[in-house]
Every structure is written in C-alpha cells, then in structure tokens.
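Got your viewer open and a selection tool ready? Load the model and follow along.

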Amino acid sequence: MKKQFTKFVLSLTVIAGGFTVTSCSKSSSSSKNTSRATGWKINAKEGGFQYNTDFKEQETAPGLVFVEGGTFTKGKVQDDVMHDWNNTPTAQHVQSFYMDETEVTNVMYLEYLDYLKSVYPPENPKYTNIYKGALPDTLVWRNRLGFNETMTNNYLRHPAYAEYPVVGVNWIQATQFAEWRTDRVNEVMLEREGYLSQDAKYQAASGEVAGTFSTEAYLNRPESVYNGQIDSLQGKKKKDSVSTFAKRSSGVIMPEYRLPTETEWEYAAQAQVGSREYNNYRGRKKYPWEGDYTRNGQRVGRGDQLANFKQGKGDYGGIAGWSDDGADITAQVMSYKPNDLGLYDMAGNVAEWVADVYRPIVDDEVSDFNYYRGNIYMKSAIGEDGKVNILRDSVLYDTLPNGKVVAVNLPGEIKQVPVDENETYLRTNFSSSDNRGYRDGDPGSSRFFDRFSDEDEESDKASMYNSPQHKVERDEDGKITRQYDQSNTRTSLINDEVRVYKGGSWRDRAYWLDPAQRRYMPQYMATDYIGFRCAMSRVGSKSKTKNKTVRGKKAK
C-alpha cells in the first residue's frame, strides 16, 4: 500500500509517567531566509531580524594571492655556518591567508605619500610630521667608500625605478602603510556596493571634503567619518533606511592589510603546494623553487639565475652582456619566475619585514598553530557619552630612538588603549595587554632573573634579554634630547622593539635565500636591502569553495 505521509511522526508512551509524548517530525526549512533555530523569517519585509544570507566567500583583495593553509616544517635545512642556532625545525600549522604577489613598489608607496601630503598638508605645522614620518630614508644608499648618489637622489621617485621594491622603510612605516591601504581598499568596496558615492574617495583625497575615511571609525561611528560629512557622500544605499551604512555583517568590509607573520611568510615562500614529496613536507626544501641549485635547470633559460642575489665578492650580477641575474642592485618586480603559489621574489631582490618580534627560539610548545610573537592587545577608548573616542583634530606622535617622529594615530581614527583587568581577569589564554615578552623575557620566566638587580632592569622586563635602555625625546621646540644607557651589565641587543626580516636580498649570498633563514633589526631602522609586502587573513573556509566538495557533496 502506497504511503501518503510526507512527514515522519513518532508517538511514544511513557508507561511510568502515565502519559503520551508525541514528537513530530522531520521538518527542515528549504529556505535560507528561514531560521533553523526558531523557524522565524529572516530578512522579511514585514520586519524582524536582518542577516546576510547571500555571502559566498571572501574575495581576493587588490594585489593579493590566495595561500591555502596547512602544515609544514618551519626551520633550517642548511648547515648552520653562522652558528645562530635560531631556526631549529618545528612543526607548524598555518591558517589560510592572502599575500601580496610582489613586494610593495616605489610607485605604490608614492601613492601613499601623495595621499598624506594632500589630506594632511605638511605646510600645516600640526601635520608636518605625518608626511615626514612616512618618508623612506633615501640616505640608506650612501656608502663612505662607494659612489651611490644616483640611487640616493633617484631611486624612490624616478619613473625608471617605479616598479622596483621600495627600500629605506622601517618596520613601523611598513605597518602604517598597511593600515592606510586597508582604509583605501575599503573605500573602494563601499563605493562599489553603493554605500559611498562614486567620487567620495577622490573628494577626500583632493581636500574638497575635510577629513578622511577610517575603517574602524566607520564600523563604530559611521557618522563621524569624513569629519562628520559622510551624509553628503553616501551612495544609492542611502535610499534604503535599513542599510544606510555597511556593517561587518554586510560582508563588504575587507579584513585589514598587515605584515605577514614569520610563519606565514616562510610557509608561502616554501610553496609546498607544487610538490608533495616527503622530504619537502619534512622541511627539506632548500629554496622557493624545486632543486638544490640557484640556476635554472629547465630547457628554456637553462643556466639563468632564478633570483637576484650576490654571486660572490665584487659580483652582484655577472659579466656585462650576459649577466647572470640581470640586476646589480634591486630588480623590477616580476623579473623572475614566481613560486608555485604565484608569489614573486620570495628569495632575493630585497629581504622583507615580517610582523614578529625576534627571539632566538621559536617556542612550539606554546603554540604550533599560527605561531606569532608580538601580540599587544588593544581596545577602543570609550568617551563619557559611551561611544568610541574619535580623534578629531588631534594627532598622536611618537619619537623613535633614532629621533624620527611618526604619527601613531591620525585625525578621524579611533583612539586605542591597552586592554585592562576587565578583559584579563580570570582569563586562561592571556593575562596582560603586552605579550611580546611572554615566557621569554619577563622576570618570572627568565633563568636566574633573581640575580639581576632592579637598577639594571628598567620596566621589570628583559632579564634574559637585558638590552640597553636608551631614551630619546623631543621638547616643544623640536630639539632632540638623548640619554644613552651607560650600564656595563647589558648582555644583548635583543629587546621587544627588534623585528624579524626574512629572505635574501641583492646584497646577500645564496645562503640567505633559504626561506627558513631569519635575521633581526630594530623596528625603527631602515636599509637599502629590506622592503616588505602585505598579507591579509582569510575569513571563513580554509579553501576556496568553488568546484570543491564537502564530505562527498558538491559545495554550494
């Protein structure tokens, strides 16, 4: 007999209680706009809750390449001829992320400088140090026994070097560029989706509209953006009172651009996706390309160098006419083949800043998942009105140990303050705002910390790494006051302001092309051989869902 039931109903008699419980059904909504939790309508015209049910996946932001995460062996594969003992192999897992296809170039950085000059005119004394603090140090090219004035005067701005990697940028400047880039890209996204008018970003950049756009300020207090003039710059979405402003739940706002972590950079440089050999998985891959040599072994281009690096003493490129690597200093980006992820110059050309604070030991016992040292947890400052504190006309500056003044917060941004005991009380995963010295520098975790006197310890930190504590300040007239640490008990140059840089450069021998090699430099210093590239975290699925299957079923 043909069954006519469309639902399965089960009746169960509970004998002990003397009553019957009837459970109905297998009922699941086929509509994505019906809640599976309550059965309520979502995004109904009649009202109710509004959610984004059409979001597919994160799109690839400008300039980036998708890097699918996975496990790998982080650490050295070559003999440790430098005796650094700072890259012992450890097993690590990295979440999926995005990374710049090339290093940040001169023309990209000039766009940043021109924007700052337009929005914060340096002739205004209040803004002078915003622009000056972002300028690369072009004097890094000078050598007391070499003639490099051509690069000093031309490398940053001459169009011949437009697509060459920017150098002379310290770690702090690189992170500030990434913050600026985040806001500019999100302006484009909001404009494309109709939250901003088509010319909003250009009006702000040209000075027609006072103020500028900050992503975090827009998300927390959108009415404050563009110095409170956002109403005149809204797009077609303004007609819909429900979606006048975008939110994180809108799926339009991109995650921030940032410097990659050391683990991300090394994982991306190895590009193991192109080879599944056991030795590569175990950390035996010597370069970003396959093989143990720096020359091309393929039929086309056989013998050519695969990266821009120093061949030997006095040899930065080869003999004229048939140069080995086609460059004497840096080379134009994309001059060499990319690795299997599509990333260019992950070995050679310029070394690159990464986000991590340097320590000789990578503590895999603490974290083998997205390992990173350098977390400083901050939160938005809340005003007396209960809203986030937007910096209107004020600028927060910081004087670096070399005397350079940089802007910490720009007008229109949210003031940030360290997290306090309200966030740390009874937590097991973190107990303070500044975690740069966690388990490796604070007195409680340092060996023999009790043998050091309080006079040798400036801030209760760095017993293991008791580096000099210099003080550099500027007075109201701009005069620099320097106080140098005269202590004879300092044992290291390592402190919480020292950052890692990765990869070989045009000045380095082939030894440094190994992605596992790691070096360090104070975050306020710059050179003619260190540049940077940006990264962005991926939200959502580990892999791109297009044409993928999920547990045997094709992904929707």
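We'll start with the whole protein, move to one helix, and finish at a single residue.

**Stop 1: everything.** Keep in mind that this is a predicted model. Turn on the cartoon and you'll have 10 helices and 19 strands to look at. Colour by burial next: of the 556 residues, 45% are buried. Switch to a surface and you're looking at about 31400 Å² of accessible area, with carbon and sulfur atoms contributing 50% of that. If you draw contacts with a separation of 6 or more, 68% of them link residues 24 or more positions apart.

**Stop 2: helix 1.** Select residues 106-119, the 14 residues of helix 1. Put a distance between the end C-alpha atoms: they sit 20 Å apart, which agrees with the 20 Å span expected at 1.5 Å a residue. Now show side chains for N106, Y109, L110, Y112, L113, Y115, L116 and V119, the buried residues of this helix. What covers them? Bring up helix 2 (128-134), helix 4 (171-192) and helix 5, which are included in that cover.

**Stop 3: T212.** Follow the chain past helix 5 (200-206) and stop before helix 6 (215-220); T212 is in the loop between them. Is T212 buried or exposed? Its relative accessible area is 9%, under the 20% cut-off, so T212 counts as buried.

Which residues touch it? Beyond its neighbours within four places in sequence, select Y115, V119, Y120, R184, V225, Y226 and P411, all in contact with T212. Zoom in on Y115: its side chain makes a polar contact with the side chain of T212, at 2.5 Å. You've already met Y115 as one of the buried residues of helix 1.

Conventions
Residues are numbered from 1 along each chain as its sequence is written. This is a predicted model: local features need pLDDT of at least 70, side-chain atom pairs count only at pLDDT 80 or more; totals for chains, interfaces and linings use all residues. Side-chain values use heavy atoms; hydrogens and water are left out. Helices (H or I, at least four residues) and strands (E, at least two) are DSSP runs, numbered from the N terminus. Buried means under 20% relative accessible area, exposed over 50%, partly exposed in between (1.4 Å probe, protein chains only). A polar contact is a pair of N or O atoms within 3.5 Å; within protein, one must be able to donate a hydrogen and the other to accept it, and residues adjacent in sequence count only if both atoms are side-chain atoms. Contact means heavy atoms within 4.5 Å. Accessible areas come from the Shrake-Rupley method with a 1.4 Å probe; for residues, only the protein chains shown count as cover. The expected span of a helix is 1.5 Å times one less than its number of residues.
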